[in-house]
Amino acid sequence: MNKWVTFLLLCFCIGSGCQINLYAQKDPTWDDTSNSKWKSVFQKVDIPSSSDGKIQKAYLYSSKSKTAKPLIVSLHTWSGDYTQIDPLANEIIARDWNYIHPDFRGPNKTSASMGSKFVISDIEDAIQYALKNTNSDPEDVHIIGVSGGGFATLVAYMNVQYPVKSFSAWAPISDLDAWYWESVGRKQKYATDIRNALSTDSTFNHNEAIKRSPLLQKFPKDLRKNAQLYIYEGIHDGYEGSVPITHSINMYNRLVGELKYNNSSLDAIMDKANNDSSLVSNKEIISLVTKRFNPLANNQKSLFGRKIYLSRDFDNIQLRIFEGGHEQIPQALAFIPFKNTQLQKFNILTLGDSNAQNKDGWVDQLKKILPNSNFVNISKSGRTIGFDNNGKKELNALSNINSYLDEAQGKIGKGKYDFIIVCLGTNDTKNEYAERQPEVIANFELLLKSIKAHPLSKKSVDKFIYVTPPPIKVKNIEPKYIGGNERIANLIPLFTEIAIKKGFTVVDIYHPLLNILDYYAPDGVYMSGSGQEIIALKLIEVMQEKK
């Protein structure tokens, strides 16, 4: 930590001394180790350490896909171990990505833990184990962690030899020496943890703290030239959390400063920062620490609704200070830069409702991932399977299917469609149609039958796909959708049976998205672009298998 900011923080602690003596700051939520019950799809595995032979345990999820998928290496928090439930787990299942949650010597309170050589080796071993035992793409490996896991992510960035594609450090500790004294001032247990781990005589070992601090370690610039580093920190951390935002800012400044000026001294880099907008200056740091917001921030920049107060980018290194505390936002996996562009060239006809028509909907997501493909999208907001929704006949797919397909035939000309994708049903489960659900089933069967019977389908379509409706929230939604989620759940088995009989491949998005709906559908119904991307990726996987 640079001298001026250290002085500022010490003054703050001294000035607040009476208050500090009255209470100890509470442990942050993200270091909660009480929940250790994992879903059965996660397998407990044993990994022999390549450094000392000791068994290191982990939880592993292996993708069910036939195609290679990204590997997420998620690192537990400061006081946790591999058994600590990971909030990312539900989304790992939804995305069907490969995943490992290693132990790397458990809680940070012993000499073998806390960024030691064993920790570095254990993370390397976890990557190699997952690569051997899943269908992970070896060029699509990503490390992510929050709090103590953010610290371990930075340690990995500075030390792990494997060419990891991205590192995402949320609310990380970068300087153990600084954090020891900050924890002493806040009367947190982390000071005792650091002293026990780094010392042999119950006296704080400054030199060992420096040795294990990523801020002060050698920067492997050549090894990381193709790797992305993302550092995220909530503006209120250090006040409502345990790690001051200076840990994130200093780490960013040190790395960028070394890249630009070939100097690893933070003090020297901070001198440059006063006149270099790619760095964060002392003035900006003091303003953020004292105000806990930035009145000059760009109101258009946010992380899923969290305002960004400071944004810096240089080469492959990014820093985001956002409205929040000591945390990792639930949508963290949406920022992982995984490989998703596909070069296949398909002709695709899509028929859906607002989720398909709207900007950033699943059709738009398909277009981004399949830039060489041709799309004809006949979706419409409010469209139903077989009702005149809002009294509008044009929203009734069953009544208009032949004209829709005639139009689609005209747009393809002499070409042919490789796929027809249908995703309807949400609007048929609105409250006003609650007593007409048997009609929905009958309408659905007639719609698919009509699609298959049309000349377009008989002459020019290779494959048919039906996508189930996504889930909707049970509470805090518009009155017209009350009870809709239960009705969707009841319809899906019947829709699936009918679609299979009619020769459609069924893609179930309802169940995978059910446990992450709160993250990606703020209003409880309409998925954000990142949620729609999950739908698109599942569709592409099916299309690749069918072709």
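The following dialogue treats sheets, helix packing and aromatic pairs in a predicted model.

Reader: How do the strands of a sheet pair?

Author: Strands of a sheet pair through backbone hydrogen bonds, and the pairing is either parallel or antiparallel. In this structure, one open sheet holds 10 strands with mixed pairing, in the order β1-β2-β4-β3-β5-β6-β7-β10-β9-β8. Its edge strands are β1 (43–48) and β8 (302–303), each of which pairs on one side only.

Reader: In what sense do β1 and β2 run, and how many bridges join them?

Author: β1 and strand β2 (residues 55–61) run antiparallel and are joined by 6 bridges. Aspartate 46 has lysine 57 of β2 as its bridge partner, and isoleucine 47 is matched with glutamine 56 of β2. The two strands form a hairpin with 6 residues between them. In the turn, glycine 53 has a positive phi of about 80°.

Reader: What is the strand order of the sheet with 5 strands, and is its pairing parallel or antiparallel?

Author: That open sheet has the order β12-β11-β13-β14-β15, and its pairing is parallel. β12 (374–377) and β15 (505–507) stand at the edges with a single partner strand each, so one side of each has no neighbour in the sheet. On average, neighbouring strands are turned by 25° against each other, direction ignored.

Reader: How many bridges pair β14 with β15?

Author: Strand β14 (residues 461–467) pairs with β15 over 3 bridges, in the parallel sense. Tyrosine 466 stands opposite valine 506 in β15.

Reader: Which strands does helix α14 touch, and which does helix α20 touch?

Author: Helix α14 (residues 397–412) packs on the sheet and touches β11 (347–352), β12 and β13 (417–423). The direction of α14 makes about 155° with that of β11. Helix α20 (residues 529–546) also packs on this sheet, where it touches β11, β13, β14 and β15. The direction of α20 makes about 145° with that of β14.

Reader: What describes two packed helices?

Author: The angle between the axes and the distance between them describe such a pair. The axes of α14 and α15 come within 9 Å and cross at roughly 10°. An angle under 35 degrees counts as roughly parallel, so α14 is roughly parallel to α15. Ala397, Leu398, Ile401 and Leu405 of α14 meet Asn443, Leu446, Leu447, Ser450 and Ile451 of α15. By class, this contact has 7 nonpolar, 2 polar and no charged residues.

Reader: At what angle does α15 pack with α17, and how far apart are their axes?

Author: Helix α15 (residues 437–453) and helix α17 (residues 484–501) pack at about 30°, with axes 10 Å apart. These two helices are therefore roughly parallel to each other, and α15 passes α17 in a right-handed crossing. From α15, the contact involves Gln437, Val440, Ile441, Phe444, Glu445 and Leu448. From α17, Arg487, Leu491, Leu494, Phe495, Ile498 and Ala499 take part. The residues of this contact divide into 9 nonpolar, 1 polar and 2 charged.

Reader: How many aromatic pairs does the structure hold, and why is the pair of tryptophan 78 and tyrosine 190 described by the class it has?

Author: The structure holds 30 aromatic pairs. The ring centres of tryptophan 78 and tyrosine 190 are 6.2 Å apart and the ring planes stand at 90°, so this pair is edge-to-face. Tryptophan 78 lies in the loop between β3 (69–75) and α3 (89–95), and tyrosine 190 in helix α7 (residues 190–198), so the pair ties together parts 112 residues apart in sequence.

Methods:
Residues numbered from 1 in each chain as written. Predicted model: local features only at pLDDT ≥ 70, side-chain atom pairs only at ≥ 80, totals over all residues. Heavy atoms only, no water. Axes fitted to C-alpha atoms, helices over the stretch in contact; angles between N-to-C directions. Helix = DSSP H or I, 4+ residues; strand = E, 2+ residues; numbered from the N terminus. Parallel < 35°, antiparallel > 145°, perpendicular 65-115°, else oblique. Left-handed = near helix turned anticlockwise from the far one by under 90°. Contact = heavy atoms within 4.5 Å. Nonpolar A, V, L, I, M, F, W, Y, C, P; charged D, E, K, R; others polar. Pairing = 2+ DSSP bridges. Phe/Tyr/Trp six-rings, centres within 6.5 Å; stacked < 30°, edge-to-face > 60°.
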